Amino acid sequence: MSAEGFGEPRGGAPTNLNVRREGAATWITIDRPDALNALDGPTKQSLLEALGEAARDPAVRAVALTGSGRAFCVGQDLRELERGYREGRTPDFAAELERHYAPICRLLAEMPKPTVAVVNGVAAGAGVSLALACDLRLASSAARWRLAFSGIALVPDAGSTWHLPRLVGLSRAMEIALLGDWVDADQALAFGLVNRVWPADEFAGEAAAAVAALAAGPTLAFARTKALLRDHLRVGLAGALAGEAEAQVASGHTKDHLEGVTAFLEKRPPTFQGA
Ligand code: T3D
């Protein structure tokens, strides 16, 4: 699996973002707690660059996205747009979606390694969209979700109209988007919106262990698996069978496949290298 096509390195310190490595995992923390990690321009640019770097770096085998303080992310920074609105101007949504939200969403969904939203608290607007674009969502019992776009008379964006019905079904997606109620962590689990919920005081440790386990997994097989699952939403059975066969041939030639089978035969846990 190639990491090509995930942008170019730019360098420079990230703004409002904490990026750190934990073993083979990159943790990206949106760090604007006073604004509930709302996404202003510099933060979105930093997030885009950090995700691109993580996507390209073969030593990074999983990516976790989380927020500092009591929020995961509340979406677009509305204060950044305040002046224009007060002057009666509407932002250039098309340009902003194309410049930041679309490539961020595609990186989370398509980079060749698992991506995990570690939803520590409130998620709203495009913050929900980011979490939906990740491969997995792990939630604290303190997390709560609101799509929020309807509150400002916008449509859900940043990929949420694509991801939400696929994750929870059309009826729930309509409910979440149109009724606009808060979804708490237990409801989110029941809806299939999140994959795991842990009590708030256990959340950091449990989420870290889950991300570490993913980062120690068979990265190339994971990359092919996520691509197959996404691609096969759009193809018929014959196409899916052909896609699986092609991916399996490639997976069968990896060192990790040999290690996995050898470990099974030797009755020991495998040690995958991501190669
Ligand atoms: O550019 C484009 O293409 C458009 C794309 C749009 C995508 C979107 O994301 S639109 C949706 C944006 N998000 C929202 O509408 C959510 C707005 N926030 C809220 O409704 C509430 O803050 C919450 C319900 C999430 C939390 O409420 P609460 O009472 O717990 O906290 P709070 O007091 O409202 O917020 C705390 C601070 O965060 C506050 O700042 P202050 O007054 O103490 O200085 C608040 O202004 C700030 N904050 C919260 N959300 C945003 C924000 N600042 C900027 N932008 C925000 N979205």
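# A quick tour of the fold

Let's start in one of the sheets: strand β5 (residues 115–119) and strand β7 (residues 136–140) run parallel and are paired through 4 bridges. Before going on, keep in mind that this is a predicted model. Overall, the protein has 11 helices and 10 strands. Its radius of gyration is 19 Å, close to the 19 Å that the globule rule gives for 275 residues, so the protein is as compact as a globular protein of that length. The C-alpha trace spans about 65 × 45 × 40 Å along the principal axes.

**The six-stranded sheet**

- β5 and β7 belong to an open sheet of 6 strands, which go in the order β1-β2-β3-β5-β7-β10 with mixed pairing.
- The edges are taken by β1 (17–22) and β10 (196–198); each has a single partner strand, so one side of each is left without a neighbour in the sheet.
- Going from one strand to the next, the twist averages 20 degrees.
- To get your bearings between β5 and β7, look for Ala117, which stands opposite Arg137 in β7.
- Over at the β1 end, the pairing with β2 is antiparallel and takes in 6 bridges.
- One pair to look for there is Glu22 and Ala25, with Ala25 sitting in β2.
- β1 and β2 make a hairpin with 2 residues between them, and Gly23 in that turn has a positive phi of about 60 degrees.
- Helix α8 (residues 200–215) lies across β2 (25–30), β3 (62–67), β5, β7 and β10, and runs at about 160 degrees to β7.

**The four-stranded sheet**

- Another open sheet has 4 strands, in the order β4-β6-β8-β9, and its pairing is mixed too.
- Here β4 (71–73) and β9 (183–184) stand at the edges; with a single partner strand each, they have one side left without a neighbour in the sheet.
- Helix α4 (residues 126–133) packs on this sheet and touches β4, β6 and β8, while its direction makes about 100 degrees with that of β6.
- Strands β6 (residues 122–124) and β8 (residues 144–146) run parallel and are joined by 3 bridges.
- Within that pair, Ala124 has Arg146 of β8 as its bridge partner.

**The largest pocket**

- How much space lies in the largest pocket? The figure is about 740 Å³.
- The lining counts 35 residues, and those closest to the pocket's centre are Gly75, Gln76, Asp77, Leu78 and Ile152.
- Two elements, α3 (93–110) and β6, give two or more residues each to this lining.
- Which element gives the most to the lining? That's α3, with 6 residues.
- By class, the lining of this pocket divides into 21 nonpolar, 5 polar and 9 charged residues.

**The cavity**

- Searching the whole structure turns up 1 cavity of 30 Å³ or more.
- Its volume is about 50 Å³.
- Around the cavity you'll find Val128, Trp145, Arg146, Leu147, Leu164, Ile176, Val183 and Leu193.
- That lining comes to 7 nonpolar residues, 1 charged and no polar ones.
- Arg146 turns up here as a lining residue, and it is also the bridge partner of Ala124.

**Two backbone oddities**

- As background, most residues other than glycine have a negative phi.
- Leu36 isn't a glycine, but its phi is positive, at about 55 degrees.
- You can find Leu36 in the loop between β2 and α1 (41–56).
- Ala148 is another residue other than glycine with a positive phi, near 70 degrees.
- Where is Ala148 placed? Look in the loop between β8 and α5 (160–168).

Conventions: Residues are numbered from 1 along each chain as its sequence is written. This is a predicted model: local features need pLDDT of at least 70, side-chain atom pairs count only at pLDDT 80 or more; totals for chains, interfaces and linings use all residues. Side-chain values use heavy atoms; hydrogens and water are left out. Two strands pair if DSSP finds at least two bridges between them. Contact means heavy atoms within 4.5 Å. Axes are lines fitted to C-alpha atoms, for helices over the stretch in contact, and angles run from 0 to 180 degrees between N-to-C directions. On a 1 Å grid over the protein atoms alone, a cavity is a set of points where a 1.4 Å probe fits but cannot get out, and a pocket is an open set with protein on both sides within 12 Å along at least five of seven lines; lining residues have an atom within 4 Å of a point. Grid points are joined across faces, edges and corners, and a volume is the space filled by probe spheres set on the points. Ala, Val, Leu, Ile, Met, Phe, Trp, Tyr, Cys and Pro count as nonpolar, Asp, Glu, Lys and Arg as charged, and the others, Gly among them, as polar. The radius of gyration is taken over C-alpha atoms; the globule rule is 2.2 Å times the number of residues to the power 0.38.
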